[in-house]
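Work through the exercises below with the model open. Each task is followed by its solution.

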Amino acid sequence: MCKYLALAHDKSLSYSNNLNSPAEYKGVNLMEIKWAKRIEELPPYLFAEIDRKKNEIIEKGVDVIDLGVGDPDIPTPDHIIEALKKASEDPANHTYPSYIGMISFRESAANWYKSRFGVELDPQSEIVTLIGSKEGIAHVPLAFVNPGDIALVPDPGYPVYPVSVSFAGGVAHKMPLLKENKFLPDLDSIPQNILDKTSLMFLNYPNNPTTALADRGFFKDVIELAKSNNFVVCHDAAYTEIAFDGCTPLSFLEVEGAMDVGIEFHSLSKTFSMTGWRIGFAAGNSKAVAGLGKIKTNIDSGAFQAVQIAGIEALNNYSVGLEDRKEVYKERIDLFCKSLDEAGLKYSKPEATFYIWFEVPEGMNSSEFASRLLEEAGIVVTPGNGFGEYGEGYARVSVTFSTERIKQAADRIKEFKL
Ligand SMILES: Cc1ncc(COP(=O)(O)O)c(C=O)c1O
């Protein structure tokens, strides 16, 4: 018998809804709910086992330090909260918003792009507001990937890329991100018969989880490959603003030719500590932006205007408090890296993102290491294989937890017997 049985036995509900199945009139509706293949075939929730173990250990009374999720602990700046408060009181902001976003929000995004990256964008046709960048990333393959098409996805990578491709009926082809290639995909190794069927490529720099950066030369090669094989490049730029020591990550769109082939996804989540607000935007080639806009028009009804107005406040005052927030992350990164040094664990010091991607000790795989660290030191890290098969041998920590907790975790790592 199937696990998924729904038993409807509320007679009043059946009658009042005027349902007409004979079984419902008898007050009993025993039916089997079947999932569509696209979710039936989803890989198992990779962090489920860690979550289960974490709860088990907490129940034993262990003070577990969870360094898994990348969700800033630093609150959203006050001026942004004030803008939301004011905007939420205005009834004009209570109606359905525009599907593709308020023009004033898109103008602020265009101004920010110009001042941060030197890229001129037409806010009317080259920018669309998103309900968080994840929303845009999850929907974009629906605009460009036909069933059976291939989409190139980084591995390890943000798990939404391959899933969104498969939801669109496409096939994700992994591009390994290896240490020896500075965690950039080896474009020359992608077979021509794969490129022939490719309609989209996902990229993400600064990269989650590896923290790697892309340089102009790499982006140029990507543009050339996209042009000669006719695919859309979707660059996820969620972490361009979380960078340290004078590092200023590139926008894909500032590289010559990018506007012909690409669309870039920006998030206000990490830059302004606004993960819960659900606001971001996509910018780039007007036909690509229009394609994503068309999908969104048929799926969602836009981002709450008061949140967009708060987003305008954030973008127009981009630098307020940003250096201070980055300094906090940097201090925590330095602190944690020191403990990795003392524990003899290898890593490259992150120049951007609030993650540290480090190698697990020899003789252990990522899951074994994560389990042992949890069981013996009470620390949750994300095993690298959770981001794809090429993440095996690594683990990721996020420094989006209080400095006090990071210090405690660092002390425990030092004492942890590998
Ligand atoms: C690489 C990457 N892209 C996109 C997102 C989504 O960010 P949001 O939907 O909050 O804009 C995340 C969130 O963790 C991420 O790590």
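**Exercise 1: Polar contacts of the ligand**

An oxygen atom of the ligand sits 2.9 Å from a polar backbone atom of K134. The model is predicted: local features need pLDDT of at least 70, side-chain atom pairs count only at pLDDT 80 or more, and totals for chains, interfaces and linings use all residues. Residues are numbered from 1 along each chain as its sequence is written, and side-chain values use heavy atoms, leaving out hydrogens and water.

Task: Find which side chains add polar contacts (pairs of N or O atoms within 3.5 Å).

Solution:
- Start at D236. A polar side-chain atom of D236 is 2.5 Å from a nitrogen atom of the ligand.
- Go on to S269. An N or O atom in the side chain of S269 lies 2.6 Å from an oxygen atom of the ligand.
- Then take the area. The ligand alone exposes 400 Å², and the protein buries 91% of that (Shrake-Rupley method, 1.4 Å probe).

**Exercise 2: The shell around the ligand**

Task: Describe the residues near the ligand (a heavy atom within 4 Å of it).

Solution:
- Count the shell. Of 15 residues, D236, S267, S269, K270 and R278 come nearest.
- Sort the shell. Five residues are nonpolar, six polar and four charged.
- Find the main contributor. Helix α7 (residues 133–144) gives the most, with three residues.

**Exercise 3: N230**

Task: Is N230 buried or exposed?

Solution:
- Place N230. N230 is in the loop between α10 (216–229) and β8 (232–236).
- Read the area. N230 has a relative accessible area of 69%, so N230 is exposed (over 50%).
- Check its surroundings. The C-alpha atoms of N230 and S199 are 6.9 Å apart, with their positions 31 residues apart along the chain.

Definitions and conventions: A residue is near a molecule or strand if one of its heavy atoms lies within 4 Å of it. A polar contact is a pair of N or O atoms within 3.5 Å; within protein, one must be able to donate a hydrogen and the other to accept it, and residues adjacent in sequence count only if both atoms are side-chain atoms. Helices (H or I, at least four residues) and strands (E, at least two) are DSSP runs, numbered from the N terminus. Ala, Val, Leu, Ile, Met, Phe, Trp, Tyr, Cys and Pro count as nonpolar, Asp, Glu, Lys and Arg as charged, and the others, Gly among them, as polar. Buried means under 20% relative accessible area, exposed over 50%, partly exposed in between (1.4 Å probe, protein chains only).
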